[in-house]
Amino acid sequence: MANSLSDQFSAWATESRNQARVALATRYDFQTVKCCRSSNVEAWRIKVDSPHAEFIRLEVSARFPLELPDVFVEDSGIYGQVPHIDHNLKLCYCDEDTSSVDPTRPGDVVQWVIEQTMAVLEVGEVRPDDFATEFTYYWTGSLPYLSLLRDVVTPRIVEVLHLDQKVSQPNQFLAHEDRDEALRWLKQSTIGRPTVYSRALFLPNLIGPVPPYPETNEDVYALIKANGGEAQKLWEQFMRQESGRTHILSTVGSSRGDTLIGWEHTRAAAGSSSKLHGAVKGFRPGRAPFSMELAHNWGRKTPLRRFDGVSITLDRLVKRTEGASEPRFRHALLIGAGSLGSNLMTSLCASTQLERISIIDPDTLKIENVLRHSCGFDKVGMSKARAVASLIGTDCPWVIFDEISLNVLDCLDKFDEISSTADLVILTTGNDAIETLLLDKLFARRREGQLVHRAWITSGADAGYVVRYQVGSAGCHRCTELPEAEHSEDIRYEPGCSAGFARYGGSRLQRFIAVASDLMLSAPSGPCVLKWHGREDNESESSDRVEVSYVGQEVRCAVC
């Protein structure tokens, strides 16, 4: 019976390849060629009209059309010029986990694959940020670390404070230049417990966003030699001095700002490299060439242990710990756990110790949401309320969560019950009518001192707004003039890895989140409006414009 089923599948796969060839013959000039990959059974060389490639090659496995074809380009000069093409000239045209082609129509499958491929090739002028996005996907899955480094330009040795993984997971360590400041921040944020100190070498922009991307010790050494000069001298000196694990911190630049990264070289056991520290037999006396030390002490092909950095702004810590004391929140209520709401809540939890968090959102986290959402791919398929609670709960296990995966209009009784004890309310639904209704209910309840924030950001991240109301103070949503906000689709679709790319990069969103969090955690002084205008891509970070205006009224209106 097993052989019979196997034979039936083989016959069906053969017929599917025949149908695919017929479909290709009706539209393209193609020929059957030899496969480059031994795992594939048939290959078609197809002539295409593209400024970047004259021919592409589709290779199918024995599981086609249940398994999508591999696509290769033939011009080696395209590597590093067009995103989504690796060093083997294989082209990534979609995320197979999210493709929805019908395998019972093999002709349509190959046509769809060619259309996706052409969309990748016909990008016109290649934008450098496309490579930065691709690099981000390559670095995905690395371990996170925290950084208090102000200067991300100067190469130097910095101190690393390793964190207790029992309470700090997944954050591995905290990079800093002032131990007292680092300990102060850890104590205030309660995000981790320090264990031991070590050193790390900071070398900015060592890896460019354009491939090839480093995977092994040998790959890093090639990049170091290509940079040469002071970077190579510092790296070799640091590697020789350190024993055991050696941490290198760096940045990858794009118009969206610098992304912090890092990696670890694991040294061989102590004593195994003693022969290389003196003269090399057969040569004049002197230190062995570093390439020999690298091979002997670390191993050329040893894979890197990668890290992904999260920058923390010390100015926010200093500003909030000097002068007026910040409010003590115990219970926060978040309505809308999308990209803005989720990032705001995770930022607040990193800076203040909440006891209870209630989250109301009806949606499910989808793969295209991950690009800007605070949750990662491991949370895809969860409700957004559950995903955010799970993420925060990892670092804040003491928090009690209320996860309500319903439209707030369908659970107004629950909203009334929860909001009666919440001292911090955040509205990030992007729906003016819903938020106006909720504000009416909050002001009608009149819980004195309750802080209510509305936050939204434009689709291009050109501007963001936060409006703060204080229940019991004059000035509410009915008597306060608000800035006009642009409400439009925030995600656009493009071909390539995962198919969905954010219209704006994470750095703009995070800069707004930092400013918005500062306002929410500042000492209450009545209703106010914060307007944030993001800098242009070619301007420095100090060009972000922030305006805060207080809108308290002398006389309350009928609502407030």
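Before I turn to the strands, let me say that two strands count as paired if DSSP finds at least two bridges between them. What I am showing this morning is a predicted model, and I will go through its two sheets and then through a group of helices.

With that definition in hand, consider strand β18, residues 463-470, and strand β21, residues 528-533, which run antiparallel and are joined by 6 bridges. If you want one position to look for on the screen, take Arg-468, whose bridge partner in β21 is Cys-528.

These two strands belong to an open sheet of 8 strands, whose order is β15-β14-β13-β16-β17-β18-β21-β22 and whose pairing is mixed. At the edges are β15, residues 400-404, and β22, residues 545-550, each of which pairs on one side only. If we ignore direction, neighbouring strands in this sheet are turned against each other by 15 degrees on average.

Two helices should be mentioned together with this sheet. Helix α11, residues 384-395, lies across β14, residues 356-360, and β15, and runs at about 165 degrees to β15. Helix α13, residues 432-445, packs on the sheet as well, where it touches β13 (331-335), β16 (424-427), β17 (451-457) and β18, and its direction makes about 170 degrees with that of β17.

Staying with β14 and β15, there is also a side-chain link to point out. A search of the whole structure finds 23 salt bridges, and one of them is between Asp-402 and Arg-356, with an N to O distance of 2.7 Å. This pair links distant parts of the chain, since Asp-402 sits in strand β15 and Arg-356 in strand β14, 46 residues apart.

Let me move on to the other sheet, which is open, has 5 strands in the order β1-β2-β3-β4-β5, and shows antiparallel pairing. Its edge strands are β1, residues 30-33, and β5, residues 90-91, and each of these pairs on one side only. Between β1 and strand β2, residues 40-47, there are 4 bridges in the antiparallel sense, and the bridge partner of Phe-30 in β2 is Ile-46. Helix α2, residues 106-121, packs on this sheet and touches β2, β3 (55-61), β4 (70-73) and β5, while its direction makes about 140 degrees with that of β3.

Finally, the helices, where I would like to take α8, residues 290-298, as the reference.

How do the axes of α7 and α8 cross? The axes of α7, residues 229-241, and α8 come within 12 Å and cross at roughly 40 degrees, which makes α7 oblique to α8, and the crossing is left-handed. On the α7 side the contact involves Trp-235, Glu-236, Met-239 and Arg-240, which meet Phe-290, Glu-293, Leu-294 and Trp-298 in α8. By class, the residues of that contact divide into 5 nonpolar, no polar and 3 charged.

For α6, residues 217-227, the axis comes within 11 Å of that of α8 and the two cross at roughly 160 degrees; because angles over 145 degrees count as roughly antiparallel, α6 is described as roughly antiparallel to α8. Here the crossing is right-handed. Asn-217, Glu-218 and Tyr-221 in α6 meet Phe-290, Ser-291, Leu-294 and Trp-298 in α8, and this contact has 4 nonpolar, 2 polar and 1 charged residues.

How values were computed
Residues numbered from 1 in each chain as written. Predicted model: local features only at pLDDT ≥ 70, side-chain atom pairs only at ≥ 80, totals over all residues. Heavy atoms only, no water. Axes fitted to C-alpha atoms, helices over the stretch in contact; angles between N-to-C directions. Parallel < 35°, antiparallel > 145°, perpendicular 65-115°, else oblique. Left-handed = near helix turned anticlockwise from the far one by under 90°. Contact = heavy atoms within 4.5 Å. Nonpolar A, V, L, I, M, F, W, Y, C, P; charged D, E, K, R; others polar. Salt bridge = Lys/Arg side-chain N within 4 Å of Asp/Glu carboxyl O.
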